[in-house]
Amino acid sequence: MDIETCIKKLGYVGVLDFATVDENGAPQVRNISAIHYEGTTLCFLTARGKTFARQLKADGRVQILGYTKYKETIRLSGRAVEVPANEQLKWRNVLYQEQPYLENVYPGETKNIDTIFMLQDYTIEYFCLSTRPITREYFTVGNAEPIRKGYYISEDCIGCGTCQTVCPQNCIEAGSPFCIKENHCLQCGNCFENCPVEAIRRY
Ligand code: SF4
Ligand code: SF4
């Protein structure tokens, strides 16, 4: 997997889930289809008065999730910024051209209430459940901080092998210490719960 293919797959999914946080820190999620892909940059449209736009302006954090028919989850995490005023019209025209249904939603001059946001610096989590073992990969676009998630085995490992016997994906290699193959790990925590000497740590 690679960044460009992840973005392409999201384009094929078409309608993506966009999650933000509200002023109380509660999650808020909605479907968005008015998305334009420009390389690795995503531009998306909403109306200035919508809660979504207000949350993006106030906080900026957004997670975007798509799920393909091949049981692939692709999650982008980053901060969306409102496109500068002098570029709004350009991006709006692109989006209306690609998605003619928008004219039905905001006909004529009513489309002036629209605003475009852009996501440029973000991480990508790719997770596929249709391979055996499962596949997990992380990518970074722009200046986003790399992701560290899941579990690793520390030097405290005594080599008893218990973790291998409880791993549903057989993704732990023997060694000194034993080692989790993170690209195939479910992050289920079964090894972590069963290690007799607590040698397995969470990132
Ligand atoms: S269960 Fe713990 S001590 Fe045993 S091999 Fe796995 S990590 Fe090492
Ligand atoms: S977290 Fe689950 S899948 Fe990952 S190594 Fe441990 S037992 Fe295996």
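Helices (H or I, at least four residues) and strands (E, at least two) are DSSP runs, numbered from the N terminus. In these terms the chain, which is a predicted model, holds six helices and 12 strands.

The overall form may be taken first. The C-alpha trace spans about 70 × 35 × 25 Å along its principal axes. The radius of gyration of the chain is 21 Å, whereas a compact globule of 203 residues would have one near 17 Å. Of the 203 residues, 24% count as buried. Among the contacts in the chain with a separation of 6 or more, 61% are accounted for by residues 24 or more positions apart.

The domain assignment divides the chain into domain 1 (3–141) and domain 2 (151–202). Taken over C-alpha atoms, the centres of domain 1 and domain 2 are separated by 36 Å. To the contact, domain 1 gives five residues and domain 2 gives eight residues. The side of domain 1 that touches domain 2 consists, by class, of two nonpolar, one polar and two charged residues.

Within domain 1, which covers 3–141, the description may begin with a pair of strands. Strand E1 (residues 16–21) pairs with E2 in the antiparallel sense, over six bridges. One of the residues involved is Leu16, whose bridge partner in E2 is Ile32. The two strands E1 and E2 form a hairpin with five residues between them, and Gly25 in the turn has a positive phi of about 80°. Is strand E2 (residues 27–32) buried or does it lie in the open? The number of buried residues among its six is zero, so strand E2 lies largely in the open.

Further along the chain, two loops deserve attention for their backbone geometry. Lys71 is found in the loop between strand E5 (61–67) and strand E6 (72–82). Its phi is near 65°, a positive value in a residue other than glycine. Lys71 counts as exposed because it has 12 C-beta neighbours inside 10 Å, and a residue is exposed if 12 or fewer other C-beta atoms lie within that distance. The next loop, between strand E7 (114–128) and strand E8 (135–141), contains Pro133. A cis peptide bond joins Arg132 and Pro133, with omega about 0°.

Domain 2, assigned to 151–202, has comparable points of interest. Which peptide bond has omega near 0° here? The bond from Ser176 to Pro177 does, and it is cis. Pro177 lies in the loop between strand E10 (172–173) and strand E11 (179–180). After E11, the loop that leads to helix H6 (190–194) contains Gln187. Although Gln187 is not a glycine, it has a positive phi of about 60°. With 14 C-beta neighbours inside 10 Å, Gln187 counts as partly exposed.

The last subject is ligand 1. Which residues come nearest to ligand 1? Of the 14 residues around it, they are Cys157, Cys160, Thr162, Cys163 and Cys195. By class, the shell around ligand 1 has 11 nonpolar and three polar residues, and no charged residues. Cysteine counts as nonpolar in this classification.

Definitions and conventions: Residues numbered from 1 in each chain as written. Chains lettered and ligands numbered in written order. Predicted model: local features only at pLDDT ≥ 70, side-chain atom pairs only at ≥ 80, totals over all residues. Near = placed C-beta within 6 Å. Rg over C-alpha atoms; globule rule 2.2 N^0.38 Å. Buried ≥ 20, exposed ≤ 12 C-beta atoms within 10 Å, placed from the backbone. Contact = placed C-beta atoms within 7 Å. Pairing = 2+ DSSP bridges. Domains from an automatic or database assignment.
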